[in-house]
Amino acid sequence: MKSAKSRKPAKAAESAKSGKPGKPESHLAMVRRARRINRELAEIYPYAHPELDFRNPFELLVATVLSAQTTDLRVNQTTPALFAAYPTPEDMAAAVPEELEELIRPTGFFRAKAKSLIGLSASIRDNFGGEVPGRLADLVTLPGVGRKTANVVLGNAFGVPGITVDTHFGRLVRRWKWTEQEDPEKVEAEVAAIFPKSEWTMLSHRVVFHGRRICHARRPACGACPIAPLCPSYGEGETDPEKARKLLKYEMGGQPGQRLSPPPDYPGRPAPAPGAG
């Protein structure tokens, strides 16, 4: 594994900044730089994966709905008891709302989320034979399911390529000048045009991994970033290498990840279960 410590942000990072007088970056140059960033991220995070624990499409769908406005870790600590109580769409559709709300309370917005979970489960039961549909057009008809959630499920449960535009993805692709759009659907469309469809799902994982571990919202670890030479926003965060390394999170910072049951190739430590200290 190539870590942030084994790669040094070159002084050439300064040359990656856009907006040089008289030398704006061409679209072709941006596309080439974007594809190189993707290749670099693939080397840095060869183990990139969805950070929600799941065993089937229904569990991934439910976990993704619960992940709104909370951490994947909190969802992963909540779903074992939830799926023990309601293992199928039929079970969850028949849930007593107050009992479901209590189980998912730690994820926040539990009343609205419970309503969505009961609604989507009833729709899967009534309209799709009890099976989570594998088409975008069908998934977005489910209560509480938008394009982002649908693309997560399609890409990771059905192997259908999709770009997942969450807050991390949107922040990074704007920092990298791949797009200036703020609307998630417009971001998705512009980024999709840069990369082959076969890359969409893994690109999403790599970008989100980088956003969670290095390129943070408030204080990016620029001085420990292995793709600094390719970043036009280098310098927005901490550029001192030693100080920047202290900002690294999860396995990059020697800390547990967000999954209680991570994939076998994940190099970090599993997250702690609830009450595990």
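This section describes two helix contacts and the aromatic pairs of a predicted model.

Helix α2, which spans residues 57-66, packs against helix α3, residues 72-85, with the two axes 10 Å apart. The angle between these axes is about 130°. An angle of this value is neither in the range of 65 to 115 degrees that counts as roughly perpendicular nor over 145 degrees, the cut-off for roughly antiparallel, and α2 and α3 are therefore oblique to each other. Their crossing is right-handed. On the α2 side the contact is made by E59, V62, A63 and L66, and on the α3 side by V75, T79, L82 and F83. Six of the residues in this contact are nonpolar, one is polar and one is charged.

A second helix contact involves α1, residues 27-44, and helix α11, residues 200-213. The axes of α1 and α11 come within 10 Å and cross at roughly 75°. Because angles of 65 to 115 degrees count as roughly perpendicular, α1 and α11 are described as roughly perpendicular to each other. Helix α1 contributes N38, L41 and A42 to the contact, while α11 contributes L203, R206, V207 and H210. By class, the contact of α1 with α11 comprises four nonpolar residues, two polar residues and one charged residue.

Six aromatic pairs were found in a search of the whole structure. A pair of aromatic rings is described by the distance of the centres and the angle of the planes. One of the pairs is formed by Y47 and Y266, with 5.9 Å from centre to centre and 75° between the planes. This geometry is edge-to-face. The pair links distant parts of the chain, as the two residues are 219 residues apart. Y47 lies in the loop between α1 and α2, whereas Y266 lies in the segment after α12, residues 241-245. Y47 has a relative accessible area of 4% and is buried. Y266 also counts as buried, at 8% relative accessibility; the cut-off for buried is under 20%.

W176 and W178 form another aromatic pair, with a centre-to-centre distance of 5.0 Å. The planes of W176 and W178 are 45° apart, and the pair is tilted. W176 counts as buried at 1% relative accessibility, and W178 counts as buried at 3%.

Y47 and Y266 also belong to a cluster. In this cluster, ring pairs link Y45, Y47, F209 and Y266.

Methods. Residues numbered from 1 in each chain as written. Predicted model: local features only at pLDDT ≥ 70, side-chain atom pairs only at ≥ 80, totals over all residues. Heavy atoms only, no water. Axes fitted to C-alpha atoms, helices over the stretch in contact; angles between N-to-C directions. Helix = DSSP H or I, 4+ residues; strand = E, 2+ residues; numbered from the N terminus. Parallel < 35°, antiparallel > 145°, perpendicular 65-115°, else oblique. Left-handed = near helix turned anticlockwise from the far one by under 90°. Contact = heavy atoms within 4.5 Å. Nonpolar A, V, L, I, M, F, W, Y, C, P; charged D, E, K, R; others polar. Phe/Tyr/Trp six-rings, centres within 6.5 Å; stacked < 30°, edge-to-face > 60°. Buried < 20%, exposed > 50% of the residue type's maximum accessible area, 1.4 Å probe, protein only.
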